[in-house]
Amino acid sequence: MKDLGIGLIGTGFMGKAHAIAYRTALSAFPDIPVPRLVMVADVTAEAAAKAAHQYGFETSTADWKQVIANPAVQVVSITTPNSFHKEMVLAALAAGKHVHCEKPLSPTLADSLEMVEAAEAKGVCTQVGFNYIKNPLLKMARDMVAAGELGVITGFRGIHAEDYMHDPQSPWTWRIDPSGGPGVVADLGSHIIGMARFLLGGIAEVNADIRTIISKRPVARGATEMKAVEVDDVARLLVQFERGCAGTIEANWVQTGRKMQLAFELTGEKGSLVFTQERLNELHFYKAGGDSRQMGFTKIEAGPQHEPYGGFCVAGGHQLGFNDLKTIEMAEFLGGIAKGKSAGPDFREAYEIQKVVEAALASSRQRSWIKV
Ligand code: NAD
């Protein structure tokens with residue numbers, strides 16, 4: 001397979017990240033199929049044309065169905081608000097395209113299952129935008145857990161906290177419209193739940209407390225008319241992993257001052273790992289049992305010894321960034337298509353993550369433990 005035609009739907013925050021990733025993937029991963037930027041769509045012809053010019057797409061359209069109908073497009077990236085994902089994904093799958101869809105897969109578990117089953121019936125490759133687990137240091141962390149370097153795992157403390165909703169004057173957007181999903185537990189919670197699953201495997205049971213902190217928001221920026229908020233702002237989960245250990249997971253988009261606290265502490269009998277996306281090129285490792293005078297966390301710094309860092313930079317300590325993680329994600333997606341196997345996380349994994357989200361919502365409503 002020499003090249004793959006890319007169609008992009010949506011050109012906002014994630015649309016731009018996808019475009020940058022497709023453009024740079026080959027320079028870091030020379031063996032993947034060449035991504036050819038064929039067509040981009042947004043709601044207006046102007047926005048689509050601007051994105052085509054800026055990111056180097058051959059054509060643009062204000063009608064997303066044209067992206068899917070384009071025979072030169074083999075891969076469709078869907079970066080629209082959550083409520084549009086299902087219709088766009090099902091149309092792309094029906095046309096036999098490989099599909100990358102941003103997280104969460106859809107606002108409801110039932111719709112996500114329909115999307116999973118449609119993709120599996122078609123046998124195409126799928127991927128969902130859980131970009132943070134593409135960090136080479138997290139792959140190493142997972143390998144260390146799997147190899148038993150931390151011994152029996154005794155606990156996990158995970159959090160994804162940001163503050164983009166902390167201002168009560170921050171207006172209504174698709175993120176707080178219930179048609180887009182339940183709120184932070186799906187928006188940020190899906191990332192930290194996915195990361196917990198990536199590192200430790202399945203979550204069997206949850207007991208959650210999920211709250212709305214800001215009960216009314218202006219209908220638009222600067223408006224005096226207020227609208228009641230129905231989705232959550234903070235979710236706190238006690239979790240029981242299938243492997244036997246327990247832990248806590250928090251998702252919070254009103255954590256004033258926090259911009260990207262996607263972080264965990266993972267503890268085992270023989271050692272611990274500490275990570276935060278705020279310093280994504282560092283993994284802190286504590287190894288138990290050494291000379292007590294020298295005990296402490298070791299800072300492991302990302303470098304070319306942590307594949308695929310070296311594809312971006314030959315020198316350690318120069319650091320990867322958010323867009324590099326997105327590039328790794330897209331390169332793995334395209335490489336997976338060439339091999340005929342999704343690199344993951346695929347639609348099925350996104351559905352498994354969403355099952356934990358749904359169990360947390362049910363648990364908070366019922367004030368009890370719920371099996372996932
Ligand atoms: P955004 O509002 O910045 O961008 C959405 C884009 O979709 C806009 O350009 C909008 O005009 C376009 N759009 C809306 N309806 C459309 C339609 N019918 N046809 C074509 N284009 C349409 O939103 P965003 O922050 O980029 O979020 C989009 C998705 O990405 C969401 O699912 C969100 O949860 C996800 N997201 C993922 C991450 C991550 O880290 N992976 C980060 C942020 C957002």
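1. Helices at the ligand. In this predicted model, α1 (13-28) and α4 (82-94) each supply at least two residues of the shell around the ligand. The most comes from α4, which gives four residues.

2. Domains. Residues of the shell come from both domain 1 (3-129) and domain 2 (132-318 + 350-366), so the ligand lies between them. The second of these domains is written in two segments, 132-318 and 350-366.

3. Nearest residues. The ligand has 27 residues around it. Those that come nearest are M14, D42, N82, K103 and N131.

4. Shell make-up. Sorted by class, 11 shell residues are nonpolar and 10 are polar. Another six are charged.

5. Polar contacts. Three pairs deserve a look, each with an oxygen atom on the ligand side. N82 places an N or O atom of its side chain 2.5 Å from an oxygen atom of the ligand. R175 has a polar side-chain atom 3.0 Å from a ligand oxygen. F13 takes part through its backbone: an N or O atom there lies 3.0 Å from an oxygen atom of the ligand.

6. Cover. How much of the ligand's accessible area does the protein cover? On its own, the ligand has 840 Å² of accessible area, and the protein covers 85% of it.

7. Pocket. Which pocket holds the ligand? The ligand sits in the largest one.

8. Cross-reference. N82 appears twice above: it is among the residues that come nearest to the ligand, and its side chain has an N or O atom 2.5 Å from a ligand oxygen.

Note on methods: Residues numbered from 1 in each chain as written. Predicted model: local features only at pLDDT ≥ 70, side-chain atom pairs only at ≥ 80, totals over all residues. Heavy atoms only, no water. Near = heavy atom within 4 Å. Polar contact = N/O pair within 3.5 Å; in protein donor to acceptor, adjacent residues only side chain to side chain. Areas by Shrake-Rupley, 256 points an atom, 1.4 Å probe, with all protein chains shown as cover. 1 Å grid on protein atoms, 1.4 Å probe; cavity = no way out; pocket = protein on both sides within 12 Å on 5 of 7 lines; lining within 4 Å. Sits in = over half its atoms within 2 Å of the grid points. Nonpolar A, V, L, I, M, F, W, Y, C, P; charged D, E, K, R; others polar. Domains from an automatic or database assignment.
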